[in-house]
Amino acid sequence: MTDVYQKYDLKKVINASGKMTILGVSQLAQPVIDAQKFGDEHFFEMSELINKTGHHLAKLLGAEDAIVVNSASSGIAEAVAGLIGRGSMYHVYHPYDSRFENREIILPKGQNIDYGTPEEVMINVGGGKVVEAGYANMCRPEHIEMMITDKTVAVMYVKSHHAVQKSMLTVQDALEVAHKHDLPLILDAAAEEDMQKYIRMGVDIIIFSGAKALAGPSSGLVFGKRQYIDWVRLQSLGLGRAMKIGKENIMGLTKAIEEYLQNGPENGESMKQRLVPFLAGLNEVPYVEAKQIQDGAGRDIYRASVVIKPESPKNAKVVTAELKSGNPAIYTREYRSNEGIIEFDIRAVDTNEMQAIVERLHEILDE
């Protein structure tokens, strides 16, 4: 097979950033690729495929219902549209009609994040109006409650490392406030790892990315209470048409979830063990101080955190830029580079790539 990197003049990539859309998110296991191939090579009645794979996944997860969509982002938009229209076919065809006045989605201010696009963009695509609760550095249950009006259709919670973590109400807190006022809770859990935790909690609409922790193809899963999933399913006749998913990705995600529920992701203990020699190598690089850290949102994910010392001739922003400029391009987690900190996510990094990272850092920082 022709080398794709050479054919299109592309750089190879070492992904020490994590399950990131800008890098293609995940590497797929062979059973998932085989399921996609089957989808590629066969025809289906698409409505039946969507409905029956959704019912199958819901049964595996212990949810009332589920639907495969083309991304977590589309799941947000279609869930919001479904809650505004509440099963109205008129709404499906006229999702932004002014006669549908109840459009408010309450979201903690510290969770109105940009994950590649702002949360509010996808809420707006669904026809919703974002009402922010609390403040940039805190949100308590009463902050959610005081924003509820007769125009509110849902409370939304974003469970993500991108969101503010300190002084933030929990998912359970948000759920209790929503249900107290007979409102559903939409949970954007795109990159979370426990698929069944929030079902047991009673969350109404749960949205996962298929391509992140689940290591599936480009896709998403919306699951939870049957009535709400029915309303989401209707959106395929309206705004969801621009977000349709292909048969091959439906088959691929379904298999990826089956594999995930059986085998799970790499656990934290495994990551800690693989980090030991990597950290030792990093600490031999001039101006570098490396240690193990846990994911900021509390997931069972462990990374290498590198401090570029103040006396270094190159700061963290320069180092990350030079790492990306090479071939292979080395992508890291740069969120704290302004503080002199670079993080390396090793979930998709093997031993040889770890060594390549260390060698490249020597090239950048050795005097």
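## Glutamate 259 and its partner

Glutamate 259 is partly exposed in this predicted model, with a relative accessible area of 23%. The side chain of glutamate 259 forms a salt bridge with lysine 255, and the closest N and O atoms are 3.6 Å apart. Lysine 255 is also partly exposed, at a relative accessible area of 27%. Both residues belong to helix α11, which covers residues 247–263. Because they are four residues apart in that helix, about one helical turn separates them.

## A salt bridge in helix α3

Helix α3 (residues 46–61) holds both lysine 52 and glutamate 48, four residues apart, or about one turn of the helix. These two residues form a salt bridge in which the closest N and O atoms are 3.0 Å apart. How exposed is each partner? Lysine 52 counts as exposed, with 53% relative accessibility. Glutamate 48 is partly exposed, its relative accessible area being 34%.

## Aspartate 345 and the salt-bridge network

The count of salt bridges comes to 25. One of them joins the side chains of aspartate 345 and arginine 347, with an N to O distance of 2.9 Å. Aspartate 345 counts as buried, at 0% relative accessibility. Through shared partners, salt bridges link Glu193, Asp295, Arg299, Arg303, Asp345 and Arg347 into one network.

## A buried glutamate without a salt bridge

Glutamate 104 lies in strand β3, which runs over residues 104–108. This residue is buried yet has no salt bridge. The nearest side chain of opposite charge belongs to lysine 129, 4.6 Å away. A salt bridge requires a side-chain nitrogen within 4 Å of a carboxyl oxygen, so the 4.6 Å separation between glutamate 104 and lysine 129 does not qualify.

Leaving aside neighbours within four places in sequence, glutamate 104 is in contact with Lys129, Val131, Met147, Thr149, Lys151, Thr152, Val153 and Ala154.

## The cavity

How many cavities of 30 Å³ or more does a search of the whole structure find? The search finds one. About 30 Å³ of space lies in the largest cavity. Its lining consists of Asn15, Gly18, Lys19, Val25, Asp345, Arg347 and Ala348. By class, the lining has two nonpolar, two polar and three charged residues.

Asp345 and Arg347, both in this lining, are also the aspartate and arginine whose side chains meet in a salt bridge. Both are members of the network of salt bridges with shared partners.

## Backbone features in loops

Valine 25, another residue of the cavity lining, has a positive phi of about 70° although it is not a glycine. Valine 25 is placed in the loop between β1 (13–15) and α2 (30–41). The residue is buried, with a relative accessible area of 13%.

Tyrosine 287 likewise has a positive phi, near 70°, in a residue other than glycine. The loop that holds tyrosine 287 runs between α12 (268–282) and β9 (288–294). Tyrosine 287 is buried, with a relative accessible area of 18%. A further backbone feature is the cis peptide bond from asparagine 327 to proline 328, with omega near 15°. Proline 328 lies in the loop between α13 (316–325) and β11 (329–331).

## Two buried residues of strand β2

Strand β2 spans residues 65–69 and includes valine 69; alanine 66 is also placed in strand β2. Alanine 66 counts as buried, at 0% relative accessibility. Valine 69 is buried as well, with a relative accessible area of 4%.

What does each residue touch, apart from neighbours up to four places away in sequence? Alanine 66 touches Gly54, His55, Ala58, Leu221, Val222, Phe223, Ile229 and Arg233. Valine 69 is in contact with Ser74, Gly75, Glu78, Ser219, Gly220, Leu221, Val222 and Ile245. Leu221 and Val222 appear in both lists.

Two C-alpha distances complete the account of this strand. Alanine 66 and valine 121, 55 residues apart along the chain, have C-alpha atoms separated by 24 Å. For valine 69 and leucine 183, 114 residues apart along the chain, the C-alpha separation is 23 Å.

Note on methods
Residues are numbered from 1 along each chain as its sequence is written. This is a predicted model: local features need pLDDT of at least 70, side-chain atom pairs count only at pLDDT 80 or more; totals for chains, interfaces and linings use all residues. Side-chain values use heavy atoms; hydrogens and water are left out. On a 1 Å grid over the protein atoms alone, a cavity is a set of points where a 1.4 Å probe fits but cannot get out, and a pocket is an open set with protein on both sides within 12 Å along at least five of seven lines; lining residues have an atom within 4 Å of a point. Grid points are joined across faces, edges and corners, and a volume is the space filled by probe spheres set on the points. Ala, Val, Leu, Ile, Met, Phe, Trp, Tyr, Cys and Pro count as nonpolar, Asp, Glu, Lys and Arg as charged, and the others, Gly among them, as polar. Buried means under 20% relative accessible area, exposed over 50%, partly exposed in between (1.4 Å probe, protein chains only). Lys and Arg count as positive and Asp and Glu as negative; His and the chain ends are not counted. Contact means heavy atoms within 4.5 Å.
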